[in-house]
Amino acid sequence: MSRRTYFIDRGLGETRGGVLLDGRPERLLIQRDDDSPRLALGARLRARVRHVEPALGMAFLDLGAGDEASVSFKPDERPRQGEALEVEIRTEPRIGKLATARLIGPAQGEPLLLESAPSLLDQLQRLVGEGEPVTGRVARQLADEAEAEVLEVIHPLPGGGTIAIEPTRALTAIDVDVGERKGQEAKRVTRQANLAALSVAARVLRLKGLGGLIIFDMAGRGHDGAALMAAARAAFNPDNPGVSIGPISRFGTIELTVPRRGRPVTEILTDGAGRVSARTLGYRLVRRLEAEGAAAPGGRLSAACSPAVAEAAKPALALLAGRIGARFEVKGDPALAWEQIEVHAR
């Protein structure tokens, strides 16, 4: 039987928490101090209707503090422009898409955050159900490993083969690859790889926070449709309610939809071009300095990184100075590679 545990890494300016499924990362939740609490999943707000699109059955909301969301309505529930509504955030924003909200009812007054979203700890406990979180140095290592897997495109399968997970604006494509195989051995290995691919992909999609339309390009031909359907249902059961799985097609593809809820972790960690963002690298820099500072108490620390990373790290570096003192210096060096961070004690 599968076993889930969880961890929390409380960093400076950023808290990372995650769920492990049989020791492998299955979820990664990231909360940063400057994230808007109004856009967090589960937050309840008083909003103002900014614009109504009757043909779409949708209204656009002003949540206050410059934040926006959309809400769907039934024909007999059409809101009026300027009306105040109480809503709850149902899905967080992602690139090119506003947050969506669930309509609770009419309200009075200006936009206001009425109730904060569940804390990161509450979310993890709801996912796992029991037990105490792993914290400290072990939690930091687990969070770092989870981040690294989120950013990978190719993921190995047990017993051989790989899957490639590549999101686009419209859907997420998953390609199953078993390499070159021949004869009866090829049939057995391909069948095992396809079944394993569904299980591994379900875990990694949860880890990356990806949902919506997902298409698997299965390996080989002559698939056992019943076995694949049973494996898919078991693999994606933790994502219910709302999962819908189609049968394998004559082209060897399986289509399914998984509800979108939180913001994709890949978007949190990267910039609009898919590169690890300066903000993410800034937090890495601070963790490196913090670890080096603990290893060399009282020692002077020196760090070098890209100028953009040094700039992005400034708020967290100020917190670090309050914790270990102003005994470090950070230099932005244009000659360093984008992800290159150098830290040492002097």
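# Report on a predicted protein model

## Elements and overall dimensions

Strands are DSSP runs of type E with at least two residues, and they are numbered from the N terminus. This report concerns a predicted model, in which the protein has eight helices and 18 strands. The C-alpha atoms fill a box of roughly 65 × 60 × 40 Å, taken along the principal axes.

Of the 346 residues of the protein, 44% count as buried. Among contacts with a separation of 6 or more, 66% join residues that stand 24 or more positions apart.

## The largest pocket

The largest pocket holds about 1,400 Å³ of space. Its lining consists of 48 residues, of which L29, L41, E92, Q123 and G262 are the closest to its centre. Strand 3, residues 24-32, provides the largest share of this lining, seven residues. Strand 2, helix 1 (120-128), helix 3 and helix 5 (265-269) also supply at least two residues each.

By class, the lining of the largest pocket comprises 24 nonpolar, 10 polar and 14 charged residues.

## The second largest pocket

The second largest pocket has a volume of about 570 Å³. Among the 26 residues that line this pocket, P167, T168, L210, T266 and E267 are the closest to its centre. Strand 11 makes the largest contribution to the lining, three residues, while helix 2 and helix 5 are also sources of at least two residues each. Helix 5 thus appears in the lining of the largest pocket and in that of the second largest pocket.

The lining of the second largest pocket divides into 10 nonpolar, seven polar and nine charged residues.

## Two enclosed cavities

Rolling a probe the size of a water molecule over the atoms shows where empty space is left. In this model there are two cavities of 30 Å³ or more. The largest has a volume of about 60 Å³, and its lining is formed by D9, G11, L12, E14, R16, R140, Y283, V286, R287 and E290. Helix 6 (278-295) and strand 2 (14-21) each provide at least two of these residues, and helix 6 has the largest share, four residues. Six residues of this lining are charged, three are nonpolar and one is polar.

The second largest cavity has a volume of about 40 Å³. It is lined by G225, L228, M229, A232, I245, G246, P247, I248 and I254. Helix 4, residues 225-236, supplies the largest share of this lining, four residues. Seven of the lining residues are nonpolar and two are polar, with no charged residue present.

## The nonpolar cores

The largest nonpolar core has 28 residues, and I163, I174, F216 and F236 are those with the most contacts inside it. Strand 11 (162-167), strand 12 (172-177), helix 3 (183-208), strand 13 (212-217), helix 4 and strand 15 (253-258) each contribute at least two residues to this core. Helix 3 gives the most, with eight residues. Apart from this core lies another, of 20 residues, including Y283, L285, C305 and L320. Y283 of that other core also belongs to the lining of the largest cavity.

I163 illustrates the surroundings of a residue in the largest core. Leaving aside residues up to four places away in sequence, I163 touches V153, I154, H155, L157, I174, D175, V176, A197, V200 and A201. One of these contacts, I174, is itself among the core residues with the most contacts.

## Helix 2

Helix 2 covers residues 136-151, and its 16 residues should span 22 Å at 1.5 Å a residue; the end C-alpha atoms are 23 Å apart, which agrees with that expectation.

An α-helix has 3.6 residues a turn, so residues three or four places apart point the same way. The buried residues of helix 2 are A139, R140, L142, A143, A146, E147, E149 and V150. R140, buried in this helix, is one of the residues that line the largest cavity.

## The loop residue S306

S306 lies in the loop between strand 16 (301-305) and helix 7 (307-312). Why does S306 count as buried? Its relative accessible area is 7%, and buried means under 20%. Residues up to four places away in sequence aside, S306 touches G332, D333, W338 and Q340.

Technical notes: Residues are numbered from 1 along each chain as its sequence is written. This is a predicted model: local features need pLDDT of at least 70, side-chain atom pairs count only at pLDDT 80 or more; totals for chains, interfaces and linings use all residues. Side-chain values use heavy atoms; hydrogens and water are left out. On a 1 Å grid over the protein atoms alone, a cavity is a set of points where a 1.4 Å probe fits but cannot get out, and a pocket is an open set with protein on both sides within 12 Å along at least five of seven lines; lining residues have an atom within 4 Å of a point. Grid points are joined across faces, edges and corners, and a volume is the space filled by probe spheres set on the points. Ala, Val, Leu, Ile, Met, Phe, Trp, Tyr, Cys and Pro count as nonpolar, Asp, Glu, Lys and Arg as charged, and the others, Gly among them, as polar. A nonpolar core is a set of buried Ala, Val, Leu, Ile, Met, Phe, Trp, Tyr and Cys residues joined through side-chain atoms within 4.5 Å. Buried means under 20% relative accessible area, exposed over 50%, partly exposed in between (1.4 Å probe, protein chains only). Contact means heavy atoms within 4.5 Å. The expected span of a helix is 1.5 Å times one less than its number of residues.
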